[in-house]
Amino acid sequence: MEDNKEKTLVDRVWDLLASVKLAVINFAAIAGTSIVGTIIEQDATREQNLDVLAKFVGDSMAPQAYDFFNALGFMDMYRSWWFIGLLMLFSVNLIICSIDRIPPAWRAAREKMKPLTDEQFTSFPVKRQIIMDGTPEENRGLITTAMRTAGFSKPGGVDVQDGYQLFSSKHGSARLGVYVVHISILIIMIGAVAGVLFGFKGHVSLVEGESTAVAYKRGGYASTQEQQEVANTLLQSGGNVSVAVEQLARKYQRTPESILRRIRDIGIDPLGFVLKCDSSGVDFYPQSFSPKEYWSDLSVLDSRGNPVVRKRIEVNDPLKRNGFTFYQSNHGVQGRALRQDTTGTTFFGPYEPMDHPDFIFEVVPRGGVSPMNVSAKFEQPFEIPGSKATAVVKSYVPTWGGSQQQQYSMSNLVVELEVSDPEQGVYSYMVPQRSKQSPMRDGTRMTVKDIWGVEYTGLSVRRDPGVGLVYLGCMIMAIGLYMTFFMSHRRLWMQASSAGERTTLKIAGTAHKHREAFEHRVEKAIGLLSEGGK
Amino acid sequence: MDSTYFQYSSNAFGIATVLYILAMMAYITFMVVKNKAIGHVATVITITGFLSQTIAFLFRWAAFYYKAPDMGLIRAIPLTNLYESLVFFVWSLILIYLFIEFKYKTQGFGAFVTPVAGITLAFIEMYGISDHINPLVPALQSNWLLVHVFMSFMAYAGFAVAFSTSLMYLVSESRRDDRRNAFWAVAGTAFFMFGLIAQNPQSLPLWIAGFVLVIAVDIALNVEIAQKLIQGSGGNKTKTVIWTVALSLVTVMAMFIFIQLVKLQVVKAQEAAEIRGTLSQMQGTGGAPAWSPENIKGDIMGTIALLFFFVVALIKYLLLKKDFYLFWTMTVGAFLTLLGAMGLDFLLYRTGSSGRPFTGESVLFKASFLSSQPAVAVISFISAFAIIFIFWKYGHILRGLIEKLKIPSNMLGEVTYGSIAFGFPVFTLGGLIFGAIWADQAWGVYWSWDPKETWSLITWFGYAAYLHARYMRGWKGLNVSVLAVLSFILVVFTYLGVNLLLSGLHAYGSG
C-alpha cells in the first residue's frame, strides 16, 4: 500500500514537470520578470545605481532603496538566484516533457503502413472513389503515376481480392520536429552556460601607440595599483603568462597558482600576447557629422616587439587571436582642458606624456599647388615649409562649434597655432581639418590632417568556448522549426478492384498538418486519372 | 541624382498612403453593405497602393545607393531607421493580407486588417518621424541587416494578421453579459475622477478621492479573488481576510516598485540623450524623447500610480469574470478611438501644409488627449469612454456584420493559427537567431539582455504560449485568441516602445 502511494507522488510530480500547463506558466514567468529587467539597468556598479536612485529618493534613502532592490536580485537580475531557478525549471520541464512524448511520437513516425480494409477507406478525412475504364492491371501504371503526382514516388503494394492496393507515407519525421526544437533550445542553453562559466567578456582601451598584454573585465584600463602592476609585468614579459606569473610569485612569495587566481579575481584576463594600437580614427560622411566608419589599426607583437599580424578592424569586422576576438566598440579623443574662451569653447592639450602626440599638418604655400606635410609636437616650435614663419601648437578643439559631449570625437578638429612671422608679426591662427579657413597672413594655406596619439580605441574583448555549441543549437533549431511548421506527415492509400470491365478506385489519405494543401494535391492526381482513363 | 529618386520615392509613397486609407474605408463599407462591387474595388485599390509602395521602396533604395555608392547595393537597402521599418511593416502587412484574401477568396478580413496598416501610417505622420535618408552608421554596415530586418518584419506582419483575425473570432464567438452595471458605474466614476484631477492637479482632496476609489475597487476585487481561491478548501472568513490583505499588499508593493522603475528609466534615458548630445538631431532620426526629468513632477507620478491601480483592477476583473466580450469591446474601442484621435490630429495640424516640413515635431494626440486646453483633454477622455461603452452596448451589430460575411469561426481560427505558424518560425530564425548571430559578429556578444533583445524574447514567449496553450484543455477557442491579441501588443512594444521609451544598443528611434 505504501509503495502505491509513493509511486503516485512520483507520477504526479513527473506529470507536472511534463505538462504543457507548466510550460505556459514558465513562459509567462520568464517573460514577466524579463520585462522588469529591461527597465532597470543590469550590471551597473553600486555607485552608478546609488547616483541614479539618489535623484529621486534622496541621498539618505538611496542606499536603502538600492539594498532593497539588490536583495530582491533586481540589480543583476539575469544572474540572480531566482531567475536562474526559473531557467532551470524551464530546462527541466523541457527535458521531461520531451522524454515523456518522444517515444509515442517516434512510434507514430516510424509506424509501418498497413493496407486498409474496405470500411476503413470511408473513415479517413480525405476520401474519394472513382470509376475508371479498363481492368485494374491495365490501370496499374496510371495509378502509380497518380501516387507520384500526389507526392509519393515509391508506393508499397499488396494484392487484395479482385485487385491490389498501393500505399505510401511521407515525412513521418515531421512529428519529431517539435522535439528537435526542444533539444536545440537545451543545446543553446548549455552553450550559453559554458560561455558564462568558462569564457571571458571584457574591454581594453588603447591610446594610439599604446600596447597591452591584458584585457579587463570592467573599464578597459587599469584602475588600481595592483591591476597596473599586473598589466606592466605581463607587458614586459612580451605577453608570456608563465614568465610574468613566475616573476610575481617570486616577488610576493606565493605560488604561481595563487598568483593566477588573484589576477583573475581582480578582473584581468591575460591575452598571452601583446596587442598594439598603431592608429585609430573615425571616417565621416562628406559634409556631415555622421560617422561612416570607426577603425583601428592593430598589430600583434612577438616577444621581441616585432609585429607578426596587422589588421585594420572596423565595426562588424573584428580581429581573432589566441581564442580571443577583438571588436571595435567605441572610440574617443582624450585631452586635458587648458582654458575656455568667451564663446564657451574649451581648448585642450594632451595628457602626459605631452610629446607623444604628433600634430600632422598639410601645407600649401602661397602661389603653390602641391601640398607638403609637416608634423609637430605640442608646445615645440616648428618651421612651416614654403613660408618664412614658424609656429607652435598651443591647443586643439576636437569638435569646433560642438557641445561638451561632442568633444569626445574629432568631428570638426581645429588646432590653435601661435605663428611667428618675421614680416607679419606674432599672431594666433586656427587650423581646421574639415571646414574652410582663410589662409595665414602670408597666404599659406594649412589644414590639420590628424593628431596622432590623442585618439583612443575601445575594444570589446571576448573569449567564449560555448559559442560553437550555441551556433550548433541555432542550426538544429532552424531544422526543427522547418520540420515542425513546414513539413507534414502524410499517408495515402489507393485500392483498385475490378468491377466488371472497369476499375473501382478507392482513395484514402491523411495529413497531420496543412490538410487542404494535401487534399489539393490528391485532387489534382485524381483529376489526371479521370482524364487519362477512358 | 539621389535627391530626384528621393522625390519620386516620397511621391509614390504619398500616393500609396492615400490609396491604403481609401482601401481601408472601402473594406469597412464592404463589410457594412456587402456589395460585391465595392469589395472588388477595395481589392483593386489595395493592389494599386501596394504597387505604388513597392515603386517607392525601389526608388528609395536607389536614392540610398547613390548617396554612398562605395557601400554597394545590398548595404543600401532602405531598412535602416524607424521610418523605413514602419513603412516596410505596412508593405509586408498588405502583402500577407493580399495573399490571404486570394487564398480564402473573401474580402471579409479587410475591414480588420487594413486599419492596422492605417493606424501605422497615421502614427508615422502624426509623430513626425523624419523620412530623410541618413547615411549608415558603422554598426548597421553589415549584410545581416537585410535578412534580419526583412524576416523580422514579415513575421510582425503575420502576427498583425493574427491579431486582426483573433479579434474577429472574439467578436463572433463571445456574448455580452448584461450584469455589468456595477462595472460601468465604477469605470465611469473613475474616468470622471481622472478627468477632474487632470483639470485640477493641485487639489489634494481630489487626489485622495481618486486613490480611495481605486484602492476600494482593488480591495473589492481582491475579496472576490480570495473567495474563488479558497473555494476548494471550504470557505472561511478568516482565510478570506488573509488572502484579501495579502493580495492588496502585493498590489500596493507592485505599484511602488513600478513607480520607482519608471523614474529610474526616465533618468537614464535623459542621461543617455545628453551624452549623445545633438548628434541624433543632426542625423535627423526625429521624434523628441518621450520623457524627460521635467515631466517627473509629483502629479505625473501620481497619475501613473492611479493608472497602475486602474489597469491592474481591470485585468483582475477580466480574469475573474472571463469576460471575452468586454475584452474585445475595449480593445476594438480603444483602437478605433486612437485611430480617430489621429484623424483629428491630421485635420487640425497637417492639412494645408505642403510636403513634410514638420519633421521632428510630434502632433500625436495634440488635438485630443494631449491638448494644451484642459477642457479638450477631458472631453477626449470622456468620449473615449463613451465610444468603448457604445461598442459594448452594440457589439452584436458588429458580430452580425461578420456573420453575414460568411466567414465561419473555424476559418478564423485557422487563419489565426496559420499566420502565427508562419510568423513564429520566421521570427525565431530571422529575428532572434540571426539577430544574435549578427550581434556576435559585430559586438562579440550574441545575447546581452539589451531591452530590444529581451522584449523580442518576451514576444517569442507570448507566441510560444499561444502555440502550446492550444494543447491545454479548453484553451482552443476564446482563450488562445486573447493570447494572440495580447502577444501582438507585446510586438508593438518590442518594435516601438523599446525604441521610443527605453535605451539600448539598437539603432532605431531616438536612442
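Leaving aside its neighbours within four places in sequence, with which residues is A:Ser19 in contact? In this predicted model, A:Ser19 is in contact with A:Asn93 and A:Arg101 once those sequence neighbours are set aside. The residue is placed in the loop between α1 (2–18) and α2 (20–39) of chain A, and the side chain of A:Ser19 reaches the backbone oxygen of A:Leu16 at 2.8 Å. With a relative accessible area of 17%, A:Ser19 is buried, because the value falls under 20%.

Two further loop positions of chain A stand out by their backbone angles. Most residues other than glycine have a negative phi. A:Gln253, which is not a glycine, nevertheless has a positive phi of about 55°; this residue lies in the loop between α9 (241–252) and α10 (256–265) of chain A and is exposed, with a relative accessible area of 71%. A positive phi, near 60°, is also found for A:Asn322, which is located in the loop between β9 (319–321) and β10 (324–333) of chain A.

In chain B, helix α3 (residues 82–104) packs with helix α5 (residues 144–173) at an angle of about 55°, their axes lying 8 Å apart, and the two helices are therefore oblique to each other. The crossing of α3(B) and α5(B) is right-handed. Residues of α3(B) that make the contact include B:Phe88, B:Phe89, B:Leu93 and B:Ile96, while those contributed by α5(B) include B:Phe150, B:Phe153, B:Met154 and B:Val161. By class, the contact of α3(B) with α5(B) comprises 13 nonpolar and 3 polar residues, with no charged residues.

Note on methods. Residues numbered from 1 in each chain as written. Chains lettered and ligands numbered in written order. Predicted model: local features only at pLDDT ≥ 70, side-chain atom pairs only at ≥ 80, totals over all residues. Heavy atoms only, no water. Axes fitted to C-alpha atoms, helices over the stretch in contact; angles between N-to-C directions. Helix = DSSP H or I, 4+ residues; strand = E, 2+ residues; numbered from the N terminus. Parallel < 35°, antiparallel > 145°, perpendicular 65-115°, else oblique. Left-handed = near helix turned anticlockwise from the far one by under 90°. Contact = heavy atoms within 4.5 Å. Nonpolar A, V, L, I, M, F, W, Y, C, P; charged D, E, K, R; others polar. Buried < 20%, exposed > 50% of the residue type's maximum accessible area, 1.4 Å probe, protein only. Polar contact = N/O pair within 3.5 Å; in protein donor to acceptor, adjacent residues only side chain to side chain.
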